Amino acid sequence: MAVSGSPLADLGNFLRYENPSAPLAEPHFSMGYGPLPKDWKRLARLLDLTALCATLAEDELPAGLAEEVVDLVRGTVMIR
């Protein structure tokens, strides 16, 4: 699948499960990526929110996935 859009959407997808209090990929990932906008993490998470909502709009989801995605959405909308 290919998507034409902001690379920040890909970053949001990649870091979707990254826990800020116990990071696994950050800051190493972004340092290797190259120049990023000042508020790139917030922007990437907000762009990823569209993918999360699209997942919730699917007719059939595997058991437990809807709850997992809703938790991710909650975590995104709670960012400051």
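**Close-ups of a predicted model**

**View 1. Asp-48, tucked away in helix α3.** Asp-48 is buried, with just 4% relative accessible area. This is a predicted model, and here Asp-48 sits in helix α3, which runs over residues 40–56. Skip the neighbours within four places in sequence, and the contacts of Asp-48 are Gly-12, Asn-13 and Arg-16.

**View 2. The buried face of helix α1.** Helix α1 covers residues 7–14, and Leu-8, Leu-11 and Gly-12 are buried in it. Looking down the α1 axis, these buried residues fall within an arc of 100°, so they line one face of the helix. Their cover includes α2 (28–33) and α3. At the N-terminal end, Ser-6 acts as the cap of α1, with a side-chain oxygen 3.0 Å from the backbone nitrogen of Leu-8.

**View 3. Lys-41 and Glu-26, a salt bridge from α3 to a loop.** The closest N and O atoms of this salt bridge are 4.0 Å apart. Lys-41 belongs to α3 and Glu-26 to the loop between α1 and α2, so the pair ties together parts 15 residues apart in sequence. Lys-41 is partly exposed at 47% relative accessibility, whereas Glu-26 is buried at 8%.

**View 4. Two more of the four salt bridges.** Arg-42 pairs with Asp-39, with 3.4 Å between the closest N and O atoms. Both partners are partly exposed: Arg-42 at 36% and Asp-39 at 37%. Arg-74 pairs with Asp-71 at 3.5 Å, again between the closest N and O atoms. These two are three residues apart in helix α4 (residues 65–77), so about one helical turn separates them. Arg-74 is exposed at 52%, while Asp-71 is partly exposed at 43%.

Technical notes:
Residues are numbered from 1 along each chain as its sequence is written. This is a predicted model: local features need pLDDT of at least 70, side-chain atom pairs count only at pLDDT 80 or more; totals for chains, interfaces and linings use all residues. Side-chain values use heavy atoms; hydrogens and water are left out. Helices (H or I, at least four residues) and strands (E, at least two) are DSSP runs, numbered from the N terminus. Buried means under 20% relative accessible area, exposed over 50%, partly exposed in between (1.4 Å probe, protein chains only). Contact means heavy atoms within 4.5 Å. The arc is that of the directions from the helix axis to the C-beta atoms. A polar contact is a pair of N or O atoms within 3.5 Å; within protein, one must be able to donate a hydrogen and the other to accept it, and residues adjacent in sequence count only if both atoms are side-chain atoms. A salt bridge is a side-chain nitrogen of Lys or Arg within 4 Å of a carboxyl oxygen of Asp or Glu.
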